[in-house]
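Welcome! Let us read this model together, one feature at a time.

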Amino acid sequence: MRPLSIPPWVRSALAGVAFLAVALLAMEGLHRAGWYPTRLDDYRVTAALVALCIVVGQRLPYPLLVVVGLVVAWPTWAFDVLTVRLIPLVIAVYLACAAGRRVVAVLTVAAVPTSMAMFLPLRYEPVSAWLPALGAWQVWSSDADWSTIVLMGILLVACAVLGRATARRRRSELVLQRRNEELVRLRESDQARIASEERTAVAREVHDVVAHHMAAIVVRSQALVRVGVADQAEFAEYASWVAGTGQQALSEMRKVVRVLRAGGDGGTTDAPVSLRSALEDAVDRVRATGVRVEADLRVPESLGVMQDFAVLRVCQEALTNTLVHSDGSSVRISLAASEDRIRLEVLDDGGSEGSPRVPELAAGGAGIRGMRERAASIGGVLDAGPAEGGGWRVTLEAPREARGQTAGSLRPVTESGSGAASAAAGAATAPPAPAPAPAPAGRQAVAS
């Protein structure tokens, strides 16, 4: 059950009423028992002033100070217990300074009623004689209790300084509270951003791993249907290829899952993937579907792990798009590197007006967006679009060394004795693809 939310002014009013009730009951009990105080009226007025300070001290500090000062300094109030009479004024001074008012201004306002209450015995003079009595302060001040006067003065100054310190502490608490709220909002924003980036990374990884293998399986399965069981040897060879590629896809999916479950310490990025072997496996899978692939792979030896990973995934996705979205019959792949840059180009001869090879898989997709994210993860740029003279070109240009890994990208990790696996090394460590089978009718498989 949620606690009731009581407004601050209601809490202050209840506290003031409770204080006044307790004070009046206590004084009445002491009076009936024959103890001090013997004159209740003056103490009741003092208790009422203190209760007023509790009720309105936080919201109306200056008006409260003026009202309490007038009551305390009023000459006809013949209450000669100075230490008790000034209690409401001391509280009003503290509350005014605690509300952020300047110490000098508050003490200046309180000086007049304090002087009136401590020094001027105007209650013994008629109102018409108050001004002349003010000039004869030397006469009556010689009989004043200066120890009490100095004590009350010190008490007023101390309460003013204490109130000022309270105001500073409240301001500091308010600043810290606001900063804490900002930090909470930033943390929530970061959590949402990180969760979104992780979801994007997982979706991209699953898409790249599954789509490449599944596209090849679908294309090869279509040929399997056309071949039928008339040629048992060719049918068995097609079926064996489909089964082997499916097992590779399942193996890589399991590796991705192990990477996701492994956490931050599940593997290492020290050992790079074998990029050449992984690219050749991807090329062989596409060739096995009947698409002619020409590959010029000048793989540099000193690429970083993230560069290997991004190049592999971009090449796989570009080949997948050729299988799924294109009606072309050939693809040319070139990978080259300079001293500080690497460049990958995948160009097919698919016509812009041709029908997709697999219409059921051609609708929608996030392949180009995923390739752009891969390129951005290594500080590179990806360009994808129609090529001059026909076909579709995908070009990746990136630095040879990573300048920083973007948040949300999966780390490629190598398999270790503890069971950590590598999503990036899946293509490199998977079993070699079966030898290309004869191409479907109307298509010729040509090796580079």
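## Reading the model step by step

Q: Where do we start, and how many helices and strands are in the protein?
A: Keep in mind that this is a predicted model. The protein holds 15 helices and five strands.

Q: What share of the residues is buried?
A: Of the 448 residues in the protein, 40% are buried. The accessible surface comes to about 24000 Å², and carbon and sulfur atoms account for 60% of that surface.

Q: How do I read contacts along the chain, and what part joins residues 24 or more positions apart?
A: Take the contacts in the protein with a separation of 6 or more: 75% of them are between residues 24 or more positions apart.

Q: How do I describe two packed helices?
A: Two packed helices are described by the angle between their axes and the distance between the axes. Here, helix α2 (residues 40-56) and helix α3 (residues 61-73) pack at about 175 degrees, with axes 10 Å apart. Angles over 145 degrees count as roughly antiparallel, so α2 and α3 are roughly antiparallel to each other.

Q: Which residues of α2 and α3 meet?
A: From α2 come Val45, Leu49, Leu52, Cys53 and Val56, and they meet Pro61, Leu64, Val67, Val68, Val71 and Val72 of α3. The residues of this contact comprise 11 nonpolar, no polar and no charged. Cys53 is also buried, at 1% relative accessibility.

Q: How many disulfides are there, and why does Cys97 have no bond to Cys159?
A: A disulfide needs two cysteine sulfur atoms within 2.5 Å, and the count here is zero. For Cys97, the closest cysteine sulfur is in Cys159, 9.1 Å away, so that is too far for a bond. Cys97 is buried, at 0% relative accessibility.

Technical notes
Residues numbered from 1 in each chain as written. Predicted model: local features only at pLDDT ≥ 70, side-chain atom pairs only at ≥ 80, totals over all residues. Heavy atoms only, no water. Helix = DSSP H or I, 4+ residues; strand = E, 2+ residues; numbered from the N terminus. Buried < 20%, exposed > 50% of the residue type's maximum accessible area, 1.4 Å probe, protein only. Contact = heavy atoms within 4.5 Å. Areas by Shrake-Rupley, 256 points an atom, 1.4 Å probe, with all protein chains shown as cover. Axes fitted to C-alpha atoms, helices over the stretch in contact; angles between N-to-C directions. Parallel < 35°, antiparallel > 145°, perpendicular 65-115°, else oblique. Nonpolar A, V, L, I, M, F, W, Y, C, P; charged D, E, K, R; others polar.
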